[in-house]
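The following note sets out several points for a reader who is new to protein structures. Please keep the sequence and the model in view while reading.

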Amino acid sequence: MKIDLITLFPEMCETVLGESIIGRAQKSEAIEIKCHQLRDYALDKHRRVDDTTYGGGMGMLMKCEPIALCFEDIEKQRGVRPHFICMSPQGKTLTQKRLKELSEIDNICVLAGHYEGVDQRIIDEFIDEEISIGDYVLTGGELPALVFIDALARMAPGVLSNNECFTEESHFNGLLEYPQYTKPMEWRGLEVPPVLYSGDHAKVDRWRYEQSLINTAKKRPDMLKEKELSEDDKRILADFMPDDG
């Protein structure tokens, strides 16, 4: 997987992406991430990438040409047109389902928006999709871009030691994750559920699935509306969901 990030703060992004699991994955060449300074593609000596908006209003808007030139340069470097994503509060909210779909794409380019946003002509002519990480506004697109890249990159082959590291996590299969425990077996009078040290793997798997269902019903019942529930699932959830659920 190859990811390109267009940003005004490449050093900031490289620092974050160079650490921990994503940093190690880059060193092992499981993934490749490049951060591109948008100002390098500005057309004036002041390296401006923004200007005032037509029609008036507060704030500045990111200009078309620097973004277009940067993306076209990335396209030449990669030898293929990357799937172009703009991080924007106007985009569709990022989900694990969409991440799974995007993880099948080999080349992705991410634009970290800034100021009051991006000239609409770039959105219309270059951007393949806009993605939001939530219904709120930040001072820039770098943090959303880093969240997106982290969530996406960890799904690439070779980034995590085992696919089960993410296939059993919250949201991956439409449910929240089951409760987990570590040593000691007893802590301040609270004990680990006996099934987890019973040695019966089938019972452990069943317990974890049931607990995922219950956890989801308690914390995110909205997620269950989109999940096809078996009669056994409904029986498990009978005490945790309203009668019309």
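**Notes on the predicted model**

1. Valine 110 is a useful place to begin. Leaving aside its neighbours within four places in sequence, valine 110 touches Ile3, Asp4, Leu5, Ile6, Phe84, Ile85, Met87, Ala145, Phe148 and Ile149. The reader should bear in mind that this is a predicted model.

2. The surroundings of valine 110 lead to the question of the core. Which residues of the largest nonpolar core touch the most other members? They are Ile31, Val110 and Phe148, in a core of 31 residues. Two or more residues of this core are given by each of E1, H1, helix H2 (20-27), E2, strand E5 (83-93), helix H4 (96-102), E6 and helix H6 (142-153). H6 supplies the largest share, with 7 residues. A second core, separate from this one, has 22 residues, among them Leu8, Phe84, Leu111 and Ile127. As a general background, nonpolar side chains in soluble globular proteins tend to be buried together.

3. The sheet deserves a point of its own. It is an open sheet of 5 strands with parallel pairing, and the order is E2-E1-E6-E5-E7. Strand E2 (32-37) and strand E7 (129-132) are at the edges; each has a single partner strand, so one side of each is left without a neighbour in the sheet. From one strand to the next, the twist averages 35°.

4. The pairings can be followed one at a time. Strand E1 (residues 2-7) pairs with strand E6 (residues 107-112) in the parallel sense, over 5 bridges. Within the sheet, isoleucine 6 has leucine 111 of E6 opposite it. Helix H1 (residues 10-17) packs on the sheet, where it touches E1 and E2, and the direction of H1 makes about 160° with that of E2.

5. On strand E5, 5 bridges link it to E6, and the two run parallel. Here valine 110 appears again, as the bridge partner in E6 of isoleucine 85. E5 is also joined to E7 by 5 bridges, again with the strands running parallel. In that pairing, threonine 93 has serine 132 of E7 as its bridge partner. What hand does the β-α-β unit made by E5, H4 and E6 have? The unit is right-handed.

6. Some backbone details merit individual inspection. Most residues other than glycine have a negative phi, and most peptide bonds are trans. Glutamate 29, which is not a glycine, nevertheless has a positive phi of about 65°. Glutamate 29 belongs to the loop between H2 and E2. Is glutamate 29 buried or exposed? With a relative accessible area of 70%, glutamate 29 is exposed.

7. Arginine 47 also has a positive phi, of about 60°, although it is not a glycine. Its place is the loop between E2 and strand E3 (50-52). Arginine 47 is partly exposed, and its relative accessible area is 36%.

8. The last point concerns a peptide bond. The bond from lysine 183 to proline 184 is cis, with omega near 5°. Where does proline 184 lie? Proline 184 is in the loop between helix H7 (164-167) and strand E8 (186-187).

Notes: Residues numbered from 1 in each chain as written. Predicted model: local features only at pLDDT ≥ 70, side-chain atom pairs only at ≥ 80, totals over all residues. Heavy atoms only, no water. Pairing = 2+ DSSP bridges. Helix = DSSP H or I, 4+ residues; strand = E, 2+ residues; numbered from the N terminus. Axes fitted to C-alpha atoms, helices over the stretch in contact; angles between N-to-C directions. Contact = heavy atoms within 4.5 Å. Core = buried A, V, L, I, M, F, W, Y, C linked by side-chain atoms within 4.5 Å. Buried < 20%, exposed > 50% of the residue type's maximum accessible area, 1.4 Å probe, protein only. Right-handed = clockwise from strand over helix to strand, strands pointing away.
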